[in-house]
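This report describes how selected strands and helices of one protein are arranged. Please keep the sequence and the structure in view while reading.

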Amino acid sequence: MSDKLIKALGYDDQIRVYVVNATDMVKEAQEKHDTWSAATAALGRAMVGTTLLGATLKGEEKLTCRIDGGGPVGYLLVDSNGKGETKGYIKNPQVSLDLNEQGKLDVRGAVGTEGMLTVSKDLGMKEAFVGQVPLVSGELGEDFTYYMANSEQVPSAIGLSVLVNPDETVKAAGGFMIQVLPDAEEETIARLEDTINSLPMVSQLMDKGESPEEILDRLVSDGTARVVDTMPVSFSCDCSKDRFKGALVTLGENELQQMIDEDHGAEAVCHFCRSEYHFNESELKELIAETKKEQE
């Protein structure tokens with residue numbers, strides 16, 4: 001089953017629902033960053049959550065989520081856009097902790113709870129919209145839910161889950177976001193709460209072969225679910241050598257010359273996808289020339 005996200009309406013259009021299978025996306029992130037179990041679950045949940053928020057945007061609009069809870073994994077940084085293209089970074093990828101009291105991966109212990117979830121949206125305007133909330137759980141699903149209610153004033157329920165194999169590979173990853181629309185009835189909200197509380201982890205359902213559509217039918221149990229859009233999601237990084245050239249130019253002539261004198265070149269590594277870009281002496285000399293031109 002390839003990764004995809006579905007957008008739907010339910011309970012006679014009283015709620016909006018997003019369900020995503022992000023297994024391959026999180027697998028790729030785990031491989032690129034060589035994450036260990038607790039870090040994998042933290043990064044995976046952050047990527048699934050950010051992908052769900054990104055699905056509320058249009059096309060080229062994008063957002064960045066930064067999570068910094070003071071835990072051993074350090075900070076997490078995830079970018080996503082309205083096309084389901086997501087990339088993620090974790091400061092300390094090799095974190096593995098004992099299981100928590102529920103016998104599950106200790107995401108709260110890995111992320112920490114003394115910090116913030118910050119969402120920055122680039123909607124093509126002059127300034128980005130920035131929303132920030134304190135971490136309330138460290139498990140991330142509750143934290144994204146708290147962000148939606150407090151920063152965007154949209155009552156929501158967000159579930160995020162990642163299953164990790166004993167050999168550190170990703171078995172399944174996915175999640176859902178339910179948004180309660182303004183005219184939703186109390187009975188609908190109560191029914192949703194019961195459904196969510198009794199729902200198995202999305203990653204477990206996906207591991208058993210359930211599709212996003214089947215999980216949607218579990219969430220909207222009265223049979224009124226109506227899919228309005230389906231889109232692929234993927235780990236996707238937009239880094240390039242040209243982008244790194246631009247970053248190197250900002251270092252200035254002296255630092256570029258130092259790279260030539262000491263290392264006879266430079267190497268840049270993308271935080272998100274680990275791609276490496278090499279610059280030889282002549283390329284660095286060209287950048288110095290560019291720097292001089294900009295100063296003239």
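At what angle do α2 and α4 pack, and how far apart are their axes? In this predicted model, the angle is about 30 degrees and the axes lie 10 Å apart.

## The pair of helices

Angles under 35 degrees count as roughly parallel, and α2 and α4 are therefore described as roughly parallel to each other. The crossing in which α2 passes α4 is right-handed. From α2, the residues Arg45, Ala46, Gly49, Thr50 and Leu53 take part in the meeting of the two helices. Their counterparts in α4 are Phe144, Tyr147 and Met148.

Phe144, Tyr147 and Met148 are also among the buried residues of α4, which spans residues 141-151. The other buried residues in this helix are Gly141, Asp143, Thr145 and Ser151. The buried residues of α4 pack against α2 (37-54) and against the strands β3, β6, β7 (129-134), β8 (156-164) and β9 (170-180). After α4 comes Gln153, which has a positive phi, near 55 degrees.

## The sheet of five strands

One open sheet consists of five strands in the order β8-β9-β2-β1-β10, and its pairing is antiparallel. At its edges are β8 and β10 (226-232), each of which pairs on one side only. From one strand to the next, the twist averages 10 degrees.

Within this sheet, strand β2 (residues 15-21) is joined to β9 by seven bridges, and the two strands run antiparallel. Asn21 has Gly174 of β9 opposite it.

Both helices lie across strands of this sheet. Helix α2 lies across β1 (4-10), β2, β8 and β9, and runs at about 145 degrees to β8. Helix α4 lies across β8 and β9, and its angle to β8 is about 155 degrees.

## The sheet of six strands

A further open sheet has six strands, ordered β7-β6-β3-β4-β5-β11, with mixed pairing. Why is one side of β7 and of β11 left without a neighbour in the sheet? Strands β7 and β11 (234-235) stand at the edges and have a single partner strand each, so one side of each has no neighbouring strand in the sheet.

Helix α4 also lies across strands of this sheet, namely β3, β6 and β7, and runs at about 125 degrees to β7.

## Strand β3 and its partners

In a regular strand, side chains alternate between the two faces of the sheet. Which residues of β3 form its covered face, and which its uncovered one? In this strand, residues 62-68, the covered face is made up of Leu63, Cys65 and Ile67. The uncovered face holds Lys62, Thr64, Arg66 and Asp68.

Strand β3 is bridged to β4 and to β6. Six bridges connect β3 with β4 (residues 76-81), and these two strands are antiparallel. Seven bridges connect β3 with β6 (residues 116-122), again in the antiparallel sense.

Individual residues show how these strands are aligned. Lys62 has Asn81 as its bridge partner in β4, while in β6 it is Asp122 that stands opposite Lys62. For Thr64, the bridge partner in β4 is Asp79.

## Two buried polar residues

Asn81, the partner of Lys62, belongs to strand β4. Is Asn81 buried or exposed? Its relative accessibility is 10%, and the limit for a buried residue is under 20%; Asn81 therefore counts as buried. Its side chain reaches the backbone nitrogen of Lys83 at 2.9 Å. A polar atom of the Asn81 side chain also lies 3.3 Å from the backbone nitrogen of Gly84. When residues up to four places away in sequence are set aside, Asn81 touches Gly54, Ala55, Gly59, Glu61 and Lys62.

Ser137 lies in the loop between β7 and α4. With a relative accessibility of 8%, Ser137 counts as buried. Apart from neighbours within four places in sequence, Ser137 is in contact with Arg108, Thr113, Glu142 and Asp143. One of these contacts, Asp143, is itself a buried residue of α4.

Methods:
Residues numbered from 1 in each chain as written. Predicted model: local features only at pLDDT ≥ 70, side-chain atom pairs only at ≥ 80, totals over all residues. Heavy atoms only, no water. Buried < 20%, exposed > 50% of the residue type's maximum accessible area, 1.4 Å probe, protein only. Helix = DSSP H or I, 4+ residues; strand = E, 2+ residues; numbered from the N terminus. Pairing = 2+ DSSP bridges. Contact = heavy atoms within 4.5 Å. Axes fitted to C-alpha atoms, helices over the stretch in contact; angles between N-to-C directions. Polar contact = N/O pair within 3.5 Å; in protein donor to acceptor, adjacent residues only side chain to side chain. Parallel < 35°, antiparallel > 145°, perpendicular 65-115°, else oblique. Left-handed = near helix turned anticlockwise from the far one by under 90°.
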